[in-house]
Amino acid sequence: MKLILSTALALSISVANAGIITTNDHRSLNENELSRSIQSELKNSAPFYQVSNLSLSTPSDAVTLPGAIVDQVKVLESMTLIAKINPEISGYHSVFGASDSRPGYPNSYFHVYVSDLKLGFEIRRHRGGDIYKSNKVDINLLSGTDNILAFSASEVTGYRLFLNGEKILDIPAPPNYGLINNINGIDNAHVGKTIRHNANEYNYAGRIDQLELYNVALDDETLKEKTFLDVSDRAAIQSFKLYDKEEWNTAAFRIPALIRTKNNTIISAADIRYGDSNDSPNNIDVGVRRSADNGVTWTDPEVILQFNDYPSIPSSQITDSASYIDSVIVEGHNNRVFLFADAFKGGIGQANSTSGTGYSEIDGEKYLTLTSTSQPTQKFYLGNDNTVYTMDGVATDYTVGDGFALFDAGVEVSNIFYKRSPLVVDSTSFIVMIYSDDEGATWSQPTIVNDQIKTSDMKFLGVSPGGAIIIQNGAHQGRILVPMYYTSTNNTTEYASAMYSDDNGVTWQLGESPNDGRIGGAEKLHEAQFVEMPNGQIKMFARSIGRAAIATSLDGGVTWLDDVEYDSTLVMSNTTGCQLSIINYSGYVDGQPAVIFSNPAATKRANGTIRVGLISEDGYYDNGEPRYHFTWKYARIIVPDEFAYSNLTELENGNIAILYEDSNTRYKLFHLVYSEFTLDSLKFLP
């Protein structure tokens, strides 16, 4: 934690072990320092103003204090404010403000505020210098629920902030101590905003259940009692850094994937990004960790997809490196667990991936194409016996082994994904598949499935990272659906789709995209996830701009209805969008089937939120199938700050586990966090 103060205050700050932000020359409130008369006043004090049951959504909802109360406010040299609040998920909110509203004085005010769920206060003078211009205290309010705060100040006690029964800020009175009485021209006071002429009024949005103003600085014990909030039932069951850079000797992590198998093994996967946090082209491997005891203990870090053209150590971005990137995990039939990832040869990533399948068709069969790096016009193909042939069918001394290693006369010389290998794959994207038959303890060698699903017009074809599903009901019961997305020479934006298998991963096909034949024309449908409706109908939730897109398939993910919906509740970044996670919940919630959804619920990658959506029927399609509707009844903010990709899974006990990125800042993606919540702890009304 840290508190940054303006030079006007010029105090040296340190953090006490108890979580209180204090100063090095700390002077705590002590009854011995107070006169008997002040002690008596504190014990018998009552608020001179109070208000309750406020719900504020527009500036006009703010409460204007009467003139007689303003007269008391503007002469306060000691005070206490106590408020029970539940602000909206983001933004800068004045809980209480008093100001000089005249033209020319926009920076003469006092207010207590919440900014991105952190608490702060300011005492400012447009002329004469600020008394206290603070940054917010780096301690979060509880998200999506009530908080009780207190601000208290006097020349004896200094400035103090309390939150939910704990003192979070304690600053002794500086030589220039001042309060509202030191701000000339105060002519108004409001609950829910701060009037500033031609300037931001910091309008509050959310609930204020109670607010009280006192003309004395209440003592610590009283303030702890008045702000106490029992939150024991709202805490995560556990929360820790499952992927941490110190354990992996890497620069960054990205792209979480998480499942629980039928045998109750939790398998997680992530990008191990050695060359900073950049996407491909970069030095990136895929690593896993597993738990056999509901997430209490985990296996040691293990890399399962790796290229070795560059050392596995932290560095800046290495654009010449081959890479595996983005994972999706699904358990098929007979306890076989599949993991899919994108693979690129050195120097290639999504942005410069060229069109094509990466295969050549010879006599009606498709073979992996290889090119000579010394003679780029000379092409070869990889035969079914792992021998490399010239295009007219003459065997060479080259063979390809495990992990795409290249051998010349039996001697390993390189890898067909390495940029400087004698023979290399095409400059396009490749989908690789591995599987495990022992709960992720060991994995098969990677195989490429491009020949089954990629078409010649596609430039980039990649997995949508996170989870995949097996259809449980209806005509397509047992089908494995893996979310994909692609770019094409035929299109100008991303197209989401489903890769599917009806034979437990022996063969794969790629379905259509909701953008095909879409009403209103194609729009961005990026990384997607699937959930199943009670009758086997499939809903696709896709990353888009500003909000999630929802598409419907009545044939198991092969085709999609022409109407793609946008759900304004499922807000996301209004510039790039962001990956999301959604899963079916195994039980009923409030008597209805339900889904669990997570994403950064803000116009930027922040405000990580888990939602509970209730499924209900809402009419019928022309073919008689029911239409399904989602009611997003509950929402719990788990990370009010930066938050990006995430993946959910349901544990054996019905709890919800999530693996997520708690940063979206380059050079700061040092870990992935694993958290577990009870369903009840997520059930907060938005």
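Helices here are DSSP runs of H or I with at least four residues, strands are runs of E with at least two, and both are numbered from the N terminus. What you have open is a predicted model, in which local features need pLDDT of at least 70, side-chain atom pairs count only at pLDDT 80 or more, and totals for chains, interfaces and linings use all residues. Residues are numbered from 1 along each chain as its sequence is written, and side-chain values use heavy atoms, with hydrogens and water left out.

**The whole chain**

Start with the cartoon view, which should show 6 helices and 48 strands. The C-alpha trace spans about 100 × 60 × 50 Å along its principal axes. Now switch on the surface: its accessible area is about 26,700 Å² (Shrake-Rupley method, 1.4 Å probe), and carbon and sulfur atoms own 45% of that. Of the 686 residues, 59% count as buried; buried means under 20% relative accessible area, exposed means over 50%, and partly exposed lies in between (1.4 Å probe, protein chains only).

Contacts are heavy atoms within 4.5 Å. Among contacts with a separation of 6 or more, 60% come from residues 24 or more positions apart.

**Stop one: Glu 439**

Select Glu 439 in the loop between strand 30 (430-436) and strand 31 (447-448). Its phi is near 65 degrees, a positive value in a residue other than glycine. Is Glu 439 buried or exposed? With a relative accessible area of 13%, Glu 439 is buried.

**Stop two: Asn 334 and a neighbour in sequence**

Next, pick Asn 334, in the loop between strand 20 (323-331) and strand 21 (337-344). Asn 334 also has a positive phi, about 55 degrees, although it is not a glycine. At 71% relative accessibility, Asn 334 counts as exposed.

Then select Arg 336, which lies over the face of Tyr 435, at 3.7 Å from the ring centre. For this label, NZ of Lys or CZ of Arg must be within 6 Å of the ring centre and within 35 degrees of the ring normal. Another case to display is Arg 254, whose charged end sits over the ring of Tyr 645, 4.6 Å from its centre.

**Stop three: aromatic rings**

The structure holds 36 aromatic pairs. Rings of Phe, Tyr and Trp (its six-membered ring) pair if their centres lie within 6.5 Å; planes under 30 degrees apart are stacked, over 60 edge-to-face, and the rest tilted. Show Tyr 92 and Tyr 202: their ring centres are 4.5 Å apart and their planes meet at 35 degrees, so this pair is tilted. Tyr 92 belongs to strand 6 (residues 92-99) and Tyr 202 to the loop between strand 13 (188-191) and strand 14 (206-214), so the pair ties together parts that are 110 residues apart in sequence. Tyr 92 is partly exposed at 28% relative accessible area, whereas Tyr 202 is buried at 11%.

Now highlight Phe 96, Phe 110, Phe 121, Tyr 132, Phe 151, Tyr 159 and Tyr 177, which form one aromatic cluster.

**Last stops: a cis bond and a long view**

Go to Pro 281, in the loop between strand 17 (266-273) and strand 18 (284-291). The peptide bond leading to Pro 281 from Ser 280 is cis, with omega near 5 degrees.

Finally, select Asn 176, in the loop between strand 12 (166-171) and strand 13. Asn 176 is partly exposed, at 31% relative accessible area. How far apart in space are Asn 176 and Gln 509? Their C-alpha atoms are 73 Å apart, and 333 residues separate them in sequence.
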